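Trainee: Could you take a close look at one part for me, the empty spaces, and tie them to the strands around them?

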Amino acid sequence: MSEFESCTLVDPSSDLTATFVPSAGMIGTSLSDGGVELLGQRKGVAAYVSEYKTMGIPLLYPWANRLSGKQYRVDGTKVALAPGTGGVHTDAHGAPIHGTLAGDSGWLVTERSASTVTAELDFGSRPELLASFPFPHLLSLAVALGDRTLTVRTTVTATTGAGVPLCFGFHPYLQLPGVSRAQWRIETPTMRARLVDARGIPTGATEPHAQSTELLGEQVFDDGFDEVPAGAAFAVSGGGRRIEVHFDSGYPAAQIFAPATEEVICFEPMAAPTDALRRGGYRMARPGEPGVAQFSIRVR
């Protein structure tokens, strides 16, 4: 990670630290509690930049998860995506996944203190990005660390007369070092499950998901949800430590990801459900009305 300039934040009230790398897509690369790393490092930030291999806390923008096709339409504007250009990449089934900003170097730090950092990306100034998402806007991430809580606030400000679809999300890889995955206890709120096909694309079928507490054990997740209440909390705990992900505002959808091959679990805040950019059901940042969303990670 030494080749990328990073910003390390320090919690003034505890030994929690957090590191973000503006020049690598404003990715969160570390959340450390007294030297214990709570974010899955996977293949590291270099692989994130060069191969789009996610780790830490990546931003998924302008859409999170998969799209069911390579075209979409917004307010009469039809867009065709071209994998391999403009930051568009695909999964094993050829579905465009996780937007276009993975590892993007266009972020500029606008504010910095010992416990905060704010960075902006002028999406509208980048023709290669507008080719895949033709809605000029300013994207801002404000990150703060305090009271054992990491807070990430995203603001999308339209810079022309066109609105901007809000379909983005984040993908925090959480881990509990020293505790077997089988002993991790996970807690999820009341929400609605969106069933998917073998490609991970929603079928349109849904079913209720009641608030639950269970051991992760050998369970594998790659499951989508909507109707997540504002302020809802997800949690993983074990070994005397508890990590909570709070969907403070602007995130009515979620993805839970826990692969069998890794000691990580992800509670992913999403501004809209999977494939919303093609199906609808998202909010818009209108001229003069910025779109704002916030989530936070609390370490107990």
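Mentor: Here is a walk through the pockets and cavities, followed by the sheet.

This is a predicted model, so to speak of local features I need pLDDT of at least 70, and side-chain atom pairs count only at pLDDT 80 or more, while totals for chains, interfaces and linings use all residues. Residues are numbered from 1 along each chain as its sequence is written, and side-chain values use heavy atoms, with hydrogens and water left out.

First, the rules for the spaces. On a 1 Å grid over the protein atoms alone, a cavity is a set of points where a 1.4 Å probe fits but cannot get out, and a pocket is an open set with protein on both sides within 12 Å along at least five of seven lines; a lining residue has an atom within 4 Å of a point. Grid points are joined across faces, edges and corners, and a volume is the space filled by probe spheres set on the points.

The largest pocket comes to about 530 Å³. It has 19 lining residues, and those closest to its centre are Arg 42, Thr 54, Ile 97, His 98 and Tyr 173. By type, that lining splits into 4 nonpolar, 7 polar and 8 charged (Ala, Val, Leu, Ile, Met, Phe, Trp, Tyr, Cys and Pro are nonpolar, Asp, Glu, Lys and Arg charged, and the others, Gly among them, polar).

Next, the second largest pocket, at about 200 Å³. Of its 17 lining residues, Ala 193, Glu 207, His 209, Asp 223 and Phe 225 lie closest to the centre. Strand 15 (185-188), strand 16 (191-196), strand 17 (202-209), strand 18 and strand 19 (221-226) each give two or more residues to this lining; strands here are DSSP runs (E, at least two residues), numbered from the N terminus. Strand 19 gives the most, with 5 residues. The mix is 8 nonpolar, 4 polar and 5 charged.

Now the closed spaces: there are 2 cavities of 30 Å³ or more. The largest cavity holds about 60 Å³. It is lined by 13 residues, with Val 196, Pro 202, Gly 224, Gln 255 and Thr 274 closest to its centre. Strand 16, strand 19 and strand 22 (253-258) are the elements that give two or more residues, and strand 19 again has the largest share here, with 4 residues. The lining of the largest cavity is 6 nonpolar, 4 polar and 3 charged.

The second largest cavity is about 40 Å³. Around it sit Tyr 48, Tyr 52, Thr 54, Leu 59, Leu 60, His 89, His 98 and Ala 102. That makes 5 nonpolar, 3 polar and no charged. Thr 54 and His 98 are also among the residues closest to the centre of the largest pocket.

Finally, the sheet. Strands 15 and 18 belong to an open sheet of 9 strands, ordered 8-9-10-11-25-21-20-15-18 with antiparallel pairing (two strands pair if DSSP finds at least two bridges between them). Strand 8 (108-112) and strand 18 (212-215) stand at the edges with a single partner strand each, so one side of each has no neighbour in the sheet. Within this sheet, strand 21 (residues 241-249) and strand 25 (residues 291-299) pair over 5 bridges, and His 246 stands opposite Ser 296. Gln 294 is also in strand 25 and is buried, with a relative accessible area of 18% (buried means under 20%, with a 1.4 Å probe and protein chains only).

Conventions:
Buried < 20%, exposed > 50% of the residue type's maximum accessible area, 1.4 Å probe, protein only.
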